Amino acid sequence: MAQYEHLPIYKKAMDMTIYIENIVRGFSRYHKYTLGTDLRNLSREIVRLIIRANSEKDKVKTLLALRDTIEEFKVTLRICKEVKAFKNFNSFKHAIEEAISLSRQNEGWIKSMRGGK
């Protein structure tokens, strides 16, 4: 298996996953076990997809799946904001900024794999 710990996108995804784990802990019981579970699972899936993409020869298919998972994660974050699951707006702001940053890094990785088209 290829090394992945050095990848900036992996580091960002791990930081985001830890952040989500800590933020969901502060959700109300109702949101913790519904939307919070979705956020936690999606953040871990993002990390898994990054590891998988790094070890594959043809990365584009997995990177496209990663793109979809990040979009799903961002939509779930927005739903959490709308139903006021976050304790404060800054928690949401930080989480969505991290997700957007991951999305940009993923798009750059896709472009580099496709030859910059």
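**Exercise 1. Does the length fit?**

How far apart should the ends of α3 be at 1.5 Å a residue, and what span do its end C-alpha atoms show?

Before we start, a word on the model: it is predicted, local features need pLDDT of at least 70, side-chain atom pairs count only at pLDDT 80 or more, and totals for chains, interfaces and linings use all residues. Residues are numbered from 1 along each chain as its sequence is written, and side-chain values use heavy atoms, with hydrogens and water left out.

Solution.
- Step 1: Know the term. Helices (H or I, at least four residues) are DSSP runs, numbered from the N terminus.
- Step 2: Find the expectation. The expected span is 1.5 Å times one less than the number of residues. For the 21 residues of α3 this gives 30 Å.
- Step 3: Compare. The end C-alpha atoms of α3 are 31 Å apart, which agrees.

**Exercise 2. Look inside α3.**

List the buried residues of α3 and say what they pack against.

Solution.
- Step 1: Apply the cut-offs. Buried means under 20% relative accessible area, exposed means over 50%, and partly exposed lies in between (1.4 Å probe, protein chains only).
- Step 2: Read off the residues. In α3 the buried ones are L35, G36, L39, L42, S43, I46, V47, L49, I50, I51, A53 and N54.
- Step 3: Find their neighbours. They pack against α1, α2 (29-32), α4 and α5, where contact means heavy atoms within 4.5 Å.
- Step 4: Zoom in on L35. With 14% relative accessibility, L35 counts as buried. Leaving out residues up to four places away in sequence, L35 touches T76, I79, C80 and V83. From L35 to V24 there are 11 residues in sequence and 8.8 Å in space, C-alpha to C-alpha.

**Exercise 3. Follow α5 from end to end.**

Describe the span, the start, the buried residues and the end of α5.

Solution.
- Step 1: Check the span. Helix α5 covers residues 89-113, 25 in number. From first C-alpha to last it reaches 36 Å, close to the expected 36 Å.
- Step 2: Look at the start. N88 caps the N-terminal end of α5, with a side-chain oxygen 3.2 Å from the backbone nitrogen of N90.
- Step 3: Pick out the buried residues. Among them are F92, I96, L102, W109 and I110. Their cover includes α1 (8-25), α3 (35-55) and α4 (60-82).
- Step 4: Look past the end. G115 follows α5 and has a positive phi, near 90°.

**Exercise 4. Pair up the charges.**

How many salt bridges are there by the rule, and how exposed are the partners E45, R48, E71, K74, K81 and E82?

Solution.
- Step 1: State the rule. A salt bridge is a side-chain nitrogen of Lys or Arg within 4 Å of a carboxyl oxygen of Asp or Glu. The count comes to 7.
- Step 2: Take E45 and R48. Their side chains meet at 3.1 Å, N to O. Both lie in α3, 3 residues apart, about one turn of the helix. E45, at 23% relative accessibility, is partly exposed, and so is R48, at 42%.
- Step 3: Take E71 and K74. The closest N and O atoms of this salt bridge are 2.9 Å apart. The two are separated by about one helical turn because they are 3 residues apart in α4. E71 is partly exposed at 34%, while K74 is buried at 9%. Not counting residues up to four places away in sequence, K74 touches I96, A99, I100 and S103.
- Step 4: Take K81 and E82. Their closest N and O atoms are 3.3 Å apart. K81 is partly exposed at 33%, whereas E82 is exposed at 56%.
- Step 5: Look for a network. Salt bridges that share partners join E21, R40 and R44 into one network.

**Exercise 5. Inspect an unusual phi.**

Which sign does the phi of K84 have, and where does K84 sit?

Solution.
- Step 1: Recall the background. Most residues other than glycine have a negative phi.
- Step 2: Read the angle. K84 has a positive phi of about 60° although it is not a glycine.
- Step 3: Place the residue. K84 sits in the loop between α4 and α5, and at 67% relative accessibility K84 counts as exposed.

How values were computed
A polar contact is a pair of N or O atoms within 3.5 Å; within protein, one must be able to donate a hydrogen and the other to accept it, and residues adjacent in sequence count only if both atoms are side-chain atoms.
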